[in-house]
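Colleague: Could you take me through one part of this model closely? I'd like to hear about the helices at the start of the chain, and then whatever else you find worth a look.

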Amino acid sequence: MVAPSTLLAESGLPRHESERLLQAVTGRSRMALLGGEVSEEEAAEFRRRAAARRSGEPLQYLEGSVQFGPLELAADRRALIPRPETEQLWELAVKALEGTPAPVVVDLCTGSGNLALALQHAFPDAVVYATDISAAALELAGENATRTGLRGVHLLHGDLFSPLPQHLMGRVDLVIANPPYLAAAEFAGLPGDVRDHEPPGALVAGETGDEVLALIAASAGEWLRPGGVVMCEISEFGSERARELFAAYRAEIRNDLAGRARFVIGTLSDSGADGD
Ligand SMILES: C[S@@+](CC[C@H](N)C(=O)[O-])C[C@H]1O[C@@H](n2cnc3c(N)ncnc32)[C@H](O)[C@@H]1O
């Protein structure tokens, strides 16, 4: 048996990180660990994860979970780690959908399923579709649907809108997305824990960074009902371009809590995709 204090001290990690890792490895609370000891197997696993953390692996992947709004989700290398600013996008979506009976929601680029699942949680009668081009990410989203008990979300594999059933055309209340929005040249400049561990396809959109947003802007109008809302997370340096791309939806830019322009929100005119 090994004393937790010994493991924490030898880990070489900041105290809050080593405590979180030890809790994840043992499944015990901080208080429970204070008074007890851990097995040799748990100590070995903790040392393995501490070494991975020292080499830059994100803490959430090593803990195996992340909090997103009201949900605790599994996190691993199959999908991007959901970020706090994306929780703000979820909050904006909840406000936009309030009062809509049985809303129809499409979450493009769903990754771990965070937005789709948190919206299904907020609106149990919503009909939620989520798509992703990465089969591995969708597998994690499926595990998160099981983990949260939110099994009603339709998880579809494919490019943006292409896997959606045709009968949704013109009927969607909300199209939401946190798409890849970095330019290829920005990838090398990312912090090592992001660049070397999170999926590149979740981060980089193409040469200019606005490729996926442009495709969403081009097609959202075919799927939204008149008055339906489209909202996306964007790069803090991409707000002018996002305003241009979503001009047909009378787009507004919203800031995150740090005051950075991070969200584009638009509405399809009441006369539909062909209206002004
Ligand atoms: C920035 S991550 C967002 C993941 C998750 N929604 C979140 O908020 O953490 C972008 C996701 O888009 C997916 N993706 C990239 N290109 C796509 C495309 N053309 N169609 C559908 N999904 C795509 C990636 O596989 C990745 O899971």
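Modeller: Happy to. A word on terms before we begin: a residue is called buried when its relative accessible area is under 20%, counting protein chains only. Please keep in mind that this is a predicted model.

By that cut-off, the buried residues of α4 are Glu 42, Ala 43, Phe 46, Arg 49, Ala 50, Ala 52 and Arg 53. An α-helix has 3.6 residues a turn, so residues three or four places apart point the same way. The cover over the buried residues of α4 includes α1, α2 and α5. As for its length, α4 has 15 residues, and its first and last C-alpha atoms are 21 Å apart, close to the 21 Å expected at 1.5 Å a residue. After α4 comes Gly 56, with a positive phi near 105°.

Now to α2, which is among the helices covering α4. Helix α2 runs over residues 15-26, and its twelve residues should span 16 Å at 1.5 Å a residue; the end C-alpha atoms are 16 Å apart, so the two agree. Buried in α2 are Glu 17, Ser 18, Glu 19, Leu 21, Leu 22, Val 25 and Thr 26. Their cover includes α1 (4-10), α3 (30-35), α4 (40-54) and α5 (59-63). So α2 and α4 each appear in the cover of the other's buried residues. A glycine with positive phi follows here too: Gly 27 comes after α2, with a phi near 70°.

Further along the chain, the ligand deserves a look. It is surrounded by 18 residues, and the closest are Cys 109, Asp 132, Asp 159, Leu 160 and Ala 202. That shell divides into eight nonpolar, eight polar and two charged residues. Three of the closest residues have short polar distances to the ligand. At Cys 109, a polar backbone atom is 2.9 Å from a nitrogen atom of the ligand. At Asp 132, an N or O atom of the side chain is 2.6 Å from a ligand oxygen atom. At Asp 159, a polar side-chain atom lies 2.6 Å from a nitrogen atom of the ligand. On its own the ligand has 600 Å² of accessible area, and the protein covers 94% of that.

Last, a single residue: Ser 239 lies in helix α11, residues 239-245. Its relative accessibility is 14%, so Ser 239 counts as buried. Beyond its neighbours within four places in sequence, Ser 239 is in contact with Ile 234, Ile 253 and Ala 261.

Conventions
Residues numbered from 1 in each chain as written. Predicted model: local features only at pLDDT ≥ 70, side-chain atom pairs only at ≥ 80, totals over all residues. Heavy atoms only, no water. Near = heavy atom within 4 Å. Polar contact = N/O pair within 3.5 Å; in protein donor to acceptor, adjacent residues only side chain to side chain. Areas by Shrake-Rupley, 256 points an atom, 1.4 Å probe, with all protein chains shown as cover. Nonpolar A, V, L, I, M, F, W, Y, C, P; charged D, E, K, R; others polar. Helix = DSSP H or I, 4+ residues; strand = E, 2+ residues; numbered from the N terminus. Buried < 20%, exposed > 50% of the residue type's maximum accessible area, 1.4 Å probe, protein only. Contact = heavy atoms within 4.5 Å. Expected span 1.5 Å × (residues − 1).
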